[in-house]
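Me: Please look over the model shown below, and then let us work through a few points about burial, packing and secondary structure.

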Amino acid sequence: MNYLEIVLSWLTLAFVTALCGFVFVKKLYRVLPFFSAYSFALLASTIGVWLVYKMFGFNSLAAYYTFWTSLLFNAAMRSLAIAELCRYKLRVYRGIWGLVWRLFVGISTVFFLHASFDTWGQPNRLAIYALTLDRDLDLASVAILASLLLIHRYYGLSLEPFQRTIAAGICLVCAVDVVGDTILKSLFTGYLFPFLGAASRTAFWFSLQSKFMQAEDIWSAFHLLCFMTAMGIWCYALRRPIPRQAEAPELLPAEVYRELSPAINLRLSTFNDRLVELLKP
Amino acid sequence: MNELLIVILLAATLGGVLLWLLIPGHKSSGTGGPLLPPNVNDVLSVTKHYANFPQVRRALSADDSRYLRENASPQVAKRALRERRAIARHFLNGLHEDFSNLARLGRIAAALSPEVSREQETERLILTLKFQLMYSLTWLRLSTGNLPLEQLEHLTGLVEKLATRMDAAMAEISAVSAGQLRGGLGA
């Protein structure tokens with residue numbers, strides 16, 4: 001680790017600690033228990049990985065296993081936090097929630113299966129599995145958050161600024177992770193080496209290697225900066241008192257929807273029929 | 001390398017969509033839940049723009065066009081045609097507004113219902129997408145002069161007949177539904 005990375009690592013630790021402090025002081029665990037758990041998981045894994053690096057060294061087998069396991073652990077906790085965010089508002093709209101939770105599960109399953117197929121038979125198994133799963137979970141997370149916002153917009157529901165800010169932070173973490181994981185996975189599976197040329201065995205590679213390491217350092221610093229930005233976004237969202245969850249709306253009798261919906265759809269289809277006739281040559 | 005590019009593009013696209021949706025001030029960032037229109041019957045009957053059909057129909061009639069071509073100077077006829085196209089576009093916008101109001105009512109009813117049918121919601125979503133597509137095509141064809149106004153005249157005639165028939169059919173449903181909606185909200 002270079003000097004900049006060490007400074008950024010310490011700053012990250014400070015941000016994670018501040019986030020956990022906010023979560024604890026504002027009693028966020030009463031409103032969003034899984035997001036609170038994710039914050040503490042981030043702190044625990046940051047300290048854990050740092051301790052292992054100190055005790056066993058950066059290039060040790062213990063450091064390798066701890067790092068990749070913590071990556072998977074954080075991804076799993078983040079997925080739970082996203083599921084909680086989806087349920088937070090939509091659960092009071094029982095009909096819509098009953099309709100869309102299957103969509104969210106479907107999106108997650110598709111990406112999970114993709115990760116399983118993608119890593120099948122690859123060398124460097126733990127790293128590849130962790131990277132691919134993390135990447136696909138990140139992609140699923142962004143897709144689910146986008147679907148959540150689109151559903152809110154479509155049905156005219158509101159997403160409170162607090163939830164929106166939490167979602168924005170998660171989105172940033174996931175989007176940056178997707179790019180980072182993909183580049184790393186490509187390196188591990190050797191996709192990028194042919195791109196760099198057969199020069200890897202020549203003197204040219206050695207001259208290129210330092211540039212490559214430099215690029216990796218820049219990416220690492222960028223990744224840490226984005227991560228800190230996400231922490232900053234979450235801390236910013238937590239600076240004010242946590243809003244109480246809005247009271248459940250008064251739902252209409254089920255018969256209203258049963259009668260109204262087919263009638264509306266019939267009417268809408270007549271609009272379309274007229275336009276189709278109009279467009280006929 | 002393809003996988004790398006696809007994933008990065010996908011992440012960038014999804015990230016962009018999310019950021020766009022997260023910007024405060026969008027419809028999704030309102031403070032309340034779904035609100036029913038003050039008068040459900042107004043939306044359900046959807047006669048706001050249908051009411052103008054006779055005038056629109058007259059304005060777009062083939063007889064008028066023929067009369068203009070035969071009696072007016074080419075300059076006047078051209079200007080009249082341009083104005084008639086503008087009327088047709090207004091009419092289309094009105095149809096769009098009617099459609100949007102009706103679709104919105106459907107979505108609000110779904111949001112406030114304890115049970116929602118997947119088939120009904122999927123059908124409404126498809127109908128909305130289909131309408132948006134056809135509306136854009138029609139608007140484009142009208143603007144470029146590719147759509148003969150006589151065809152639109154035919155449409156107004158059809159819609160007029162349909163409106164009368166549909167209003168009769170809807171009156172009963174809307175009376176029951178609006179009563180229940182008010183009852184449900186007052187409960």
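Me: Does Val256(A) count as buried or exposed?

Reply: This is a predicted model, in which local features need pLDDT of at least 70 and side-chain atom pairs count only at pLDDT 80 or more, while totals for chains, interfaces and linings use all residues. Residues are numbered from 1 along each chain as its sequence is written, and chains are lettered from A and ligands numbered from 1 in the order in which they are written. A residue is buried if 20 or more other C-beta atoms, placed from the backbone, lie within 10 Å of its own, partly exposed below that, and exposed at 12 or fewer. Because Val256(A), a residue of helix H9 (254-279), has 22 C-beta neighbours inside 10 Å, Val256(A) counts as buried.

Me: Which helix gives the most residues to the largest nonpolar core?

Reply: A nonpolar core is a set of buried Ala, Val, Leu, Ile, Met, Phe, Trp, Tyr and Cys residues joined through C-beta atoms within 7 Å, and the largest one here has 91 residues. Helices are DSSP runs of H or I with at least four residues, and strands are runs of E with at least two, numbered from the N terminus. The greatest share, 16 residues, comes from residues 125-154 of chain A, which form helix H5.

Me: Which residues of chain B does Ile96(A) touch?

Reply: Ile96(A) is among the residues with the most contacts inside the largest core, a contact being two C-beta atoms, placed from the backbone, within 7 Å. Leaving out residues up to four places away in sequence, Ile96(A) touches Leu90(A) and Tyr155(A), and in chain B Ala110(B), Ala111(B) and Val116(B).

Me: How many helices does chain B have?

Reply: From the N terminus on, the elements of chain B run α-α-α-α-α-α-α. With 0 strands, the secondary structure of chain B comes to 7 helices.
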